[in-house]
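Subject: Handing over the structure

Hi,

Here is the structure I promised to pass on to you. Have a look at it first, and then read on for what turned up in it.

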Amino acid sequence: MPANCQYRQIQLGFKVVSNYSRWLTNQEISQGVIEGIQKERNTMLHIVGQVEPSDK
């Protein structure tokens with residue numbers, strides 16, 4: 001990868017509301033992706049929503 005490039009991995013999850021899980025809305029996804037790109041972090045991974053527990 002060229003030195004002037006940055007790599008970010010953004011994983012999309014889900015939201016748990018009360019006792020059930022739901023997909024992320026378009027607005028939640030886009031806000032999460034923008035946040036993941038703009039924030040300076042030591043890690044390259046940004047998770048939008050939650051990915052655990054996977055059985056939800």
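Let me start with a small puzzle: is Glu35 buried, partly exposed or exposed? Glu35 is partly exposed, at a relative accessible area of 34%. Before going further, please keep in mind that this is a predicted model.

**Salt bridges**

Glu35 is a good place to begin, since its side chain forms a salt bridge with that of Lys39, at 3.5 Å from N to O. Lys39 is partly exposed too, with a relative accessible area of 38%. Searching the whole structure gives two salt bridges. Glu28 and Arg22 also meet through their side chains in a salt bridge, and here the N to O distance is 2.8 Å. Arg22 counts as partly exposed, its relative accessibility being 27%. As background, side chains with opposite charges can pair when their charged atoms come close.

**Overall layout**

The chain holds one helix and four strands, and along the sequence they follow the pattern β-β-β-α-β. Helix 1 covers residues 26-38. For the chain as a whole, the radius of gyration is 13 Å, whereas a compact globule of 56 residues would have one near 10 Å. Along the principal axes, the C-alpha atoms fill a box of roughly 45 × 20 × 15 Å.

Buried residues account for 12% of the 56 residues. The accessible surface of the chain is about 4600 Å², and carbon and sulfur atoms contribute 51% of that. If you look at contacts with a separation of 6 or more, 62% of them are between residues 24 or more positions apart.

**Strands and their pairing**

Strand 2 (residues 14-17) pairs with strand 3 (residues 20-23) in the antiparallel sense, over four bridges. Within this pair, Phe14 stands opposite Trp23 of strand 3.

Strand 1 (9-12) runs parallel to strand 4, and four bridges join the two. One partnership to look up in your viewer is that of Leu12 with Val48 in strand 4. Strand 4 itself, residues 45-48, has two faces: His46 and Val48 are on the covered one, while Leu45 and Ile47 are on the uncovered one.

**Backbone details**

Which residue has a positive phi in the hairpin of strand 2 and strand 3? That is Ser18, with phi near 55°, in a hairpin that has two residues between the strands. Ser18 is a residue other than glycine with a positive value, and its place is the loop between strand 2 and strand 3. Ser18 also counts as exposed, at 68% relative accessibility.

The other backbone point concerns the peptide bond from Glu52 to Pro53, which is cis, with omega near -5°. Pro53 belongs to the segment after strand 4. For context on both points, most residues other than glycine have a negative phi, and most peptide bonds are trans.

**Distances along the chain and in space**

Two C-alpha pairs may be handy when you orient yourself. Gln38 and Gly49 are 11 residues apart in sequence, and their C-alpha atoms are 17 Å apart in space. Gln38 sits in helix 1 and is exposed, with a relative accessible area of 60%.

Ser54 and Gly13, by contrast, are 41 residues apart along the chain, with 9.2 Å between their C-alpha atoms. Ser54 is found in the segment after strand 4, and at 65% relative accessibility Ser54 counts as exposed.

**A surface patch**

Finally, there is a nonpolar patch on the surface, formed by Met1, Tyr7 and Met44, which together have about 370 Å² of accessible area. Met1 lies in the segment before strand 1. Why does Met1 count as exposed? Met1 has a relative accessible area of 72%, and the class applies because exposed means over 50%.

If you want a short route through the model, start with the salt bridge between Lys39 and Glu35, move on to Ser18 in its loop, and finish at the cis peptide bond from Glu52 to Pro53.

Best wishes

Conventions. Residues are numbered from 1 along each chain as its sequence is written. This is a predicted model: local features need pLDDT of at least 70, side-chain atom pairs count only at pLDDT 80 or more; totals for chains, interfaces and linings use all residues. Side-chain values use heavy atoms; hydrogens and water are left out. Patches are made of residues with over 30% relative accessible area and no salt bridge: like charges are joined within 9 Å, nonpolar side chains (Val, Leu, Ile, Met, Phe, Trp, Tyr) within 5 Å. Accessible areas come from the Shrake-Rupley method with a 1.4 Å probe; for residues, only the protein chains shown count as cover. A salt bridge is a side-chain nitrogen of Lys or Arg within 4 Å of a carboxyl oxygen of Asp or Glu. Buried means under 20% relative accessible area, exposed over 50%, partly exposed in between (1.4 Å probe, protein chains only). Two strands pair if DSSP finds at least two bridges between them. The radius of gyration is taken over C-alpha atoms; the globule rule is 2.2 Å times the number of residues to the power 0.38. Contact means heavy atoms within 4.5 Å.
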